[in-house]
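Colleague: I am new to this one, so please walk me through it step by step. I will ask, and you can explain.

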Amino acid sequence: MSILNRPDGFNIKYTDKPVIRQLWHVLRMRQHNHMTTQFKGVAHVCKVDKESFQSEVLESEKPVVVDFWAAWCGPCMMIAQVLEEIAVELEGKVKFAKLNVDQNPELASQFGVESLPTLAIFKRGQLVDKLVGATPKTALLNWISNVA
């Protein structure tokens, strides 16, 4: 068993060494590059909160994929880049949004988010499907194409 010593003091125990390397890389990259939770430069994925959720997600004419995430979630950071790539590929067909569950716990609770990352697809104001966990790009594209 291996232990991932995070910079914030929260240590994670893992048995899978490739996972440790990926998580450590993400955490170190965030620390050294001063990445923020704003996802600067990503025009294809909008940030939503309890004030903008109604207008950006529920009232959207297009299907919306919402990424329920948290800054401390390693798998959330690992799929962030994949979601940005998919958002570029599906621009104009599907809208993408990110919702920080630490800042908006009431929305996470309202939509039954218990694990992170959770992706949810909304169509015409209704939740139609959820996917939990980090998933490869091809599987995400298939899921979005089939549901949206």
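Colleague: Is the crossing of α3 and α5 left-handed or right-handed?
Modeller: Helices are DSSP runs of H or I with at least four residues and strands are runs of E with at least two, numbered from the N terminus. A crossing is left-handed if the near helix is turned anticlockwise from the far one by less than a right angle, and right-handed if clockwise. By that rule, the crossing of α3 and α5 is right-handed.

Colleague: What should I know about the model before we go on?
Modeller: This is a predicted model, with residues numbered from 1 along each chain as its sequence is written. Local features need pLDDT of at least 70 and side-chain atom pairs pLDDT 80 or more, while totals for chains, interfaces and linings use all residues; side-chain values use heavy atoms, without hydrogens and water.

Colleague: At what angle do the axes of α3 and α5 cross?
Modeller: Axes are lines fitted to C-alpha atoms, for helices over the stretch in contact, and angles run from 0 to 180 degrees between N-to-C directions. Contact means heavy atoms within 4.5 Å, and Val-82, Leu-83, Glu-85, Ile-86 and Glu-89 in α3 meet Lys-137, Leu-140, Leu-141 and Ile-144 in α5. The two axes come within 10 Å, and they cross at roughly 45 degrees.

Colleague: Which word describes α3 relative to α5?
Modeller: Angles under 35 degrees count as roughly parallel, over 145 as roughly antiparallel, 65 to 115 as roughly perpendicular, and the rest as oblique. With axes crossing at roughly 45 degrees, α3 is therefore oblique.

Colleague: In the open sheet of five strands, what is the order?
Modeller: Two strands pair if DSSP finds at least two bridges between them. β3 and β5 run parallel, joined by four bridges, whereas β4 and β6 pair in the antiparallel sense over five bridges. The pairing is thus mixed, and the order is β3-β5-β4-β6-β7.

Colleague: Which strands stand at the edges?
Modeller: The sheet has the order β3-β5-β4-β6-β7. Two strands have a single partner each, so one side of each is left without a neighbour in the sheet: they are β3 and β7.

Colleague: How many residues of strand β6 are buried?
Modeller: Buried means under 20% relative accessible area, exposed over 50%, and partly exposed in between, with a 1.4 Å probe and protein chains only. Strand β6 spans residues 118-123 and is largely enclosed by the rest of the structure, because its buried residues number five of the six.

Colleague: What is the bridge partner of Lys-123 in β7?
Modeller: β6 and β7 pair in the antiparallel sense over six bridges. Their hairpin has two residues between the strands, and Arg-124 there takes a positive phi near 50 degrees. In β7, Lys-123 is partnered by Gln-126.

Colleague: Which element gives the most to the largest nonpolar core?
Modeller: A nonpolar core is a set of buried Ala, Val, Leu, Ile, Met, Phe, Trp, Tyr and Cys residues joined through side-chain atoms within 4.5 Å. Of the 20 residues in the largest one, Phe-53, Val-57, Val-66, Phe-68, Leu-99 and Phe-122 touch the most other members. Two or more residues come from each of α2, β4, α3, β5, α4 and β6. The element giving the most, with four residues, is β4.
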